[in-house]
Amino acid sequence: MRFGVISDIHSNLIALDAVLDSMGSVDQYWCLGDVVGYGPEPNECIERLLELDHVAVVGNHDAAAIGAASPRLFNGEARRAVEWTARVLTKESAEYLRSLPEQMEHDQVLLVHGSPRDPIWEYVTSRGQAADAFAASEVQYLFVGHTHIPLVFVQDSQGKVLSGAPEDDLTLRLGSERLLINPGSVGQPRDGDPRAAYAIVDSDRMLVEFHRVEYDVEEAQRRMKTMGASEWLTSRLAYGR
Ligand code: ZN
C-alpha cells in the first residue's frame, strides 16, 4: 500500500492541489493537522480532503478555529488568521474539524500534530524532544507535523536518537529502528525552501520518500491578500520561512 503523508496545509489550496497531483495515486492519505489557519481557502481545503480516502488528526490552528483551543495562545498574526478562519468556516467545515481526534494509532503507526505527550502544542525539533516522544509512545513509526520543517529522528536499539533533515527525493528504508518523521508543510514551509513538502510511505517496499513540489506561490499570495493577510504573512510564502 502507498500512503500519502501531508501536514500543515494551512488553507493553501493551490499548494494542496500541487501536492496531490505530484503524489499520483495513493491508497490513503494521512493528514497530520493544521488543515486551516493563515491561508485563504479553509473550506475548499476541507472539501478537497473529503473527496479523498483519508484519515486526519487535529492541529492547534484547527482546534482554535472551532473554539477548542484558546486563540490567546497564538501570536498576533496567527490569532488574526484564526479569527478570520473562524468567521468564514461553514457549518460542515467546523463539524469536520470537530470530528478530528488528537492522535491516531494503527499497526505500529502513530499520527499526531505535535507530539504524543502534548498532541497539538509541542514542537519536536531536538533529539531530546524526540527521545521524549518515543518514550511517550509504544509504536515504531511516529508521524508529526506542526514545525513546518521536514525532519527525521531515528532511535536505534540502544535508545540513542539521531536526526537529519531529509533532502528532496530522499528515500529511507523502514527497518527495525524506530522513526519519528515530519514530512514538512504543504501550505507554509519554514525550512527556507518555499516548495510544498510531503512524504510517501510504501508499506510493501518498506520505504518512506520525501518530496518537494513547486506551486504557484504568487497566486496563493494574491488570494491571501483578498482575506486581508499582512504583508509579512503573505511574503513569507515566497521565502519558505
Ligand atoms: Zn501549522
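**Close-up 1. His 10 and its partners at the zinc ion.** His 10 is tucked away in this predicted model: its relative accessibility is 2%, so it counts as buried. His 148 gets the label buried too, because its relative accessibility is 2%. Both histidines bind the zinc ion through NE2, and the other protein donors are Asp 8 and Asp 34, each by way of OD. Distances from these donors to the zinc ion run from 2.1 to 2.4 Å. Read along the chain, the donor spacing goes D-x1-H-x23-D-x113-H. The two histidines tie together distant parts of the chain, 138 residues apart: His 10 sits in the loop between β1 (2-6) and α1 (13-23), while His 148 sits in the loop between β6 (141-143) and β7 (151-155).

**Close-up 2. Angles at the zinc ion.** What do the angles say about the geometry of this site? They span 86 to 178 degrees among the four donor atoms, and the site is irregular. Tetrahedral is ruled out because that label needs every angle between 85 and 135 degrees. For reference, the ideal angle for four tetrahedral donors is 109.5 degrees.

**Close-up 3. Asp 168 and its neighbours.** Here we're in the loop between β8 (161-164) and β9 (171-173), where Asp 168 is found. With 29% relative accessibility, Asp 168 counts as partly exposed. Leaving aside residues up to four places away in sequence, Asp 168 touches Arg 195, Phe 210, His 211 and Arg 212. With Arg 195 there's also a side-chain to side-chain polar contact of 3.3 Å. Tyr 198 is 30 residues from Asp 168 along the chain, and their C-alpha atoms are 9.6 Å apart.

**Close-up 4. The buried side of helix α2.** Which residues of α2 (residues 42-50) are buried? They are Pro 42, Asn 43, Cys 45, Ile 46 and Leu 49. Their arc around the axis is only 160 degrees, so they end up on the same side of α2. That fits the usual helix pattern: with 3.6 residues a turn, residues three or four places apart point the same way. The buried residues of α2 pack against a mix of strands and helices, namely β1, α1, β2 (28-31), β3 (54-56), α4 (76-88) and α5 (91-98).

**Close-up 5. The β4–β5 hairpin.** Strands β4 (residues 103-106) and β5 (residues 109-112) run antiparallel and are joined by four bridges. In one of these pairings, Gln 103 has Val 112 of β5 as its bridge partner. Two residues lie between the strands of this hairpin, and Asp 107 in the turn has a positive phi of about 50 degrees.

Definitions and conventions:
Residues are numbered from 1 along each chain as its sequence is written. This is a predicted model: local features need pLDDT of at least 70, side-chain atom pairs count only at pLDDT 80 or more; totals for chains, interfaces and linings use all residues. Side-chain values use heavy atoms; hydrogens and water are left out. Donors are N, O and S atoms within 2.8 Å of the metal (3.2 Å for Na, K and Ca); water is not among the atoms, so sites may look incomplete. Four donors count as tetrahedral if all angles lie between 85 and 135 degrees; four count as square planar and six as octahedral if opposite donors are over 155 degrees apart and all others between 65 and 115; anything else is irregular. Buried means under 20% relative accessible area, exposed over 50%, partly exposed in between (1.4 Å probe, protein chains only). Contact means heavy atoms within 4.5 Å. A polar contact is a pair of N or O atoms within 3.5 Å; within protein, one must be able to donate a hydrogen and the other to accept it, and residues adjacent in sequence count only if both atoms are side-chain atoms. The arc is that of the directions from the helix axis to the C-beta atoms. Two strands pair if DSSP finds at least two bridges between them.
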